[in-house]
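Subject: Structure for your review

Dear colleague,

Please find below the structure that I am handing over to you. I would be grateful if you could read the notes that follow alongside it.

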Amino acid sequence: MMNEQAILEGIEREMASLSGHLGFYYKNLVTGREFGVGEDEIYSAASVIKFPLFLHILTECHRGNMSLDDMIKIDEEDKVPGCGALSLFSGSIDADIRTLCRLMICISDNTATNRLIRHCGLEAIERGFLEMGLEKTKIRRLLFDAESSAKGIFNTISPKELGLLFERLYRGTFINNEVSEYALDVLLYQQIGHKLGGKLGEDVAIAHKTGEDGGLSNDLGIVYSKNPFVICFTGHKTDVYPWEDLMRRGAYDLYTVNN
């Protein structure tokens, strides 16, 4: 049976054989072992950006600047395509921030995300991200903003930055234990499970957030083996099928060696 280090080195070798800009970060939350490949570099975020946005909202709620019970109106012009449910409803919709956050994280609802970004404000989000220790992870525009995209303005992430945020949630040190547990409970309901969970199956708990676009696929989170671990895959300008296959096999092998 392969050991942890051999599996990690195998992931690194296989990454080197794939096309694109690929990143990887791993941390065993029991032993503290860390391993990374391009873990401090900057990658296109896609829907993974919804994870730190969620934590920013929880921070603002904890400070009393907003509440999860606050109601927000989603108008027809707010609706955007892609993942989610809100774009399928007719007419205007009223939803509380708690519901919008769950839709954003669990089914990656793009309309909910954009409405939450507008509600928070880009400048406030930028300050909040910096306070969380995120220097490379940034929200610069709304989702499906074709004009900004044409100008080369994209949302970005860095795997180790977000991996360390997941660790803080696990240890109960993101704000406090109650907030950390709530965030993890929502992340555990993630419905897009074909990457990190694709070989592990539904019986293995994974608190995570995915992101995908043309030539881009990310999945970052915590896998709950006997020795839980943070695992973050980020990749763009790549061949998605073999990259996601590596995510599936890497998560499975690391779970097996840690279980």
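The notes below cover one pair of packed helices and then several salt bridges. Please bear in mind that this is a predicted model.

Helix packing

Two packed helices are described by the angle between their axes and the distance between the axes. For helix H2 (residues 50–62) and helix H4 (residues 110–120), the angle is about 45° and the axes lie 11 Å apart. Angles under 35 degrees would count as roughly parallel and those from 65 to 115 as roughly perpendicular; H2 and H4 are therefore oblique to each other. Their crossing is left-handed. On the H2 side, the contact is made by Lys 50, Leu 53, His 56 and Ile 57. H4 contributes Asn 110, Thr 113, Leu 116, Ile 117 and Cys 120. Sorted by character, the residues of this contact comprise five nonpolar, three polar and one charged.

Salt bridges

The count of salt bridges comes to 16. Three pairs are described here, followed by a network.

Lys 160 and Glu 34 form a salt bridge in which the closest N and O atoms are 3.9 Å apart. This pair links distant parts of the chain, since Lys 160 belongs to helix H7 (residues 159–171) and Glu 34 to strand S2 (residues 34–37), 126 residues apart. Lys 160 has a relative accessibility of 24% and so counts as partly exposed. Glu 34, at 39%, likewise counts as partly exposed.

A further salt bridge joins the side chains of Asp 75 and Lys 73, with an N to O distance of 3.8 Å. Asp 75 is partly exposed because its relative accessibility is 22%, and Lys 73 counts as partly exposed at 44%.

Helix H4 appears again in the pair formed by Arg 118 and Asp 78, whose side chains meet in a salt bridge at 3.6 Å, N to O. Here too, distant parts of the chain are linked: Arg 118 is in helix H4, while Asp 78 is in the loop between strand S4 (71–74) and strand S5 (93–96), 40 residues apart. Is each partner buried or partly exposed? Arg 118 has a relative accessible area of 43% and is therefore partly exposed. Asp 78, by contrast, has a relative accessible area of 10%; buried means under 20%, so Asp 78 is buried.

Finally, Glu 14, Asp 245 and Arg 249 are joined into one network by salt bridges that share partners.

Yours sincerely

How values were computed: Residues numbered from 1 in each chain as written. Predicted model: local features only at pLDDT ≥ 70, side-chain atom pairs only at ≥ 80, totals over all residues. Heavy atoms only, no water. Axes fitted to C-alpha atoms, helices over the stretch in contact; angles between N-to-C directions. Helix = DSSP H or I, 4+ residues; strand = E, 2+ residues; numbered from the N terminus. Parallel < 35°, antiparallel > 145°, perpendicular 65-115°, else oblique. Left-handed = near helix turned anticlockwise from the far one by under 90°. Contact = heavy atoms within 4.5 Å. Nonpolar A, V, L, I, M, F, W, Y, C, P; charged D, E, K, R; others polar. Salt bridge = Lys/Arg side-chain N within 4 Å of Asp/Glu carboxyl O. Buried < 20%, exposed > 50% of the residue type's maximum accessible area, 1.4 Å probe, protein only.
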